[in-house]
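Please open the model in your viewer and keep the selection panel at hand. The stops below go from a single residue outwards to the sheet, and then to the helices that lie against it.

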Amino acid sequence: MSGDEGKQLVQRLVEEVVNRRDLDALDEIASGQLAKLARRWISPFRASFPDFTMRIVSLVAEGDTVVGHFACSGTHSGEWLGIAPTGRRFEDVEEIYVFTVADGKLVAARGVEDNLSRLRQLGVRLQA
């Protein structure tokens, strides 16, 4: 699979699964285990931030690896990490994910999210 094909899988993940809320598309895009894990992450996050969207800032592919830089936005309407809904919105919170591609599907993902920025935008004060 070429780097461009891997990037297309990540684009589909963002556009179809995250932004269009089509969890069934995961079965075409990701391996069974990764699709299962993605559902366990996306569904609760969507419950906390029902209007959550993700924008691709950049995608870089080499071999079986695709690295994505994303900007995410959403309104805190449900409990998240034990934090009661604030009703506030976060905008363009950065996330970086590294995906592994095999046999035409995403098979692994690991990443970092700027949750500190997300918490600050939501007006959540952290205790030391």
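Contact here means heavy atoms within 4.5 Å. This is a predicted model, in which local features need pLDDT of at least 70 and side-chain atom pairs count only at pLDDT 80 or more, while totals for chains, interfaces and linings use all residues. Residues are numbered from 1 along each chain as its sequence is written, and side-chain values use heavy atoms, with hydrogens and water left out.

**Stop one: Gly 68**

Select Gly 68, which sits in strand β2, residues 65-75; helices (H or I, at least four residues) and strands (E, at least two) are DSSP runs, numbered from the N terminus. Apart from neighbours within four places in sequence, Gly 68 is in contact with Ser 58, Leu 59, Glu 95, Ile 96 and Tyr 97. Is Gly 68 buried or exposed? With a relative accessible area of 0%, Gly 68 is buried, where buried means under 20% relative accessible area, exposed over 50% and partly exposed in between (1.4 Å probe, protein chains only). Widen the selection to the whole of β2, and you find a strand that is mostly covered, nine of its 11 residues being buried. For a sense of distance, add Glu 79, which is 11 residues from Gly 68 in sequence and 27 Å away in space, C-alpha to C-alpha.

**Stop two: the sheet**

Now show the strands, of which four form an open sheet in the order β1-β2-β3-β4 with antiparallel pairing; two strands pair if DSSP finds at least two bridges between them. Its edge strands are β1 (53-62) and β4 (105-113), each of which pairs on one side only. On average, neighbouring strands of this sheet are turned by 25 degrees against each other, direction ignored; axes are lines fitted to C-alpha atoms, for helices over the stretch in contact, and angles run from 0 to 180 degrees between N-to-C directions.

On one side of β2, nine bridges join the strand to β1 in the antiparallel sense, and Leu 59 has Gly 68 as its bridge partner in β2. Follow β1 into β2 through their hairpin, which leaves two residues between the strands and has Gly 63 in the turn with a positive phi of about 60 degrees. Turning to strand β3 (residues 89-102), you will see that it pairs with β2 over 10 bridges, again antiparallel. Two partners to pick out in β3 are Thr 100, opposite Thr 65, and Phe 90, the bridge partner of Gly 74.

**Stop three: the helices**

Select helix α1 (residues 3-19), which lies across β1, β2, β3 and β4 and runs at about 170 degrees to β1. Helix α3 (residues 32-48) also packs on the sheet, where it touches β2, β3 and β4, and its direction makes about 40 degrees with that of β4.

Within α3, colour Leu 34, Ala 35, Ala 38, Ile 42, Phe 45, Arg 46 and Ser 48, which are buried. They cover an arc of only 150 degrees around the axis, which puts them on the same side of α3; the arc is that of the directions from the helix axis to the C-beta atoms. On the other side, Gly 32, Arg 40 and Ala 47 are exposed. The cover over the buried residues of α3 includes α1, α2 (26-29), β2, β3, β4 and α4 (115-121).

Finish at Glu 16 in helix α1, a residue that counts as buried at 19% relative accessibility. Leaving out residues up to four places away in sequence, Glu 16 touches Arg 21, Asp 22, Ala 25 and Ile 29.
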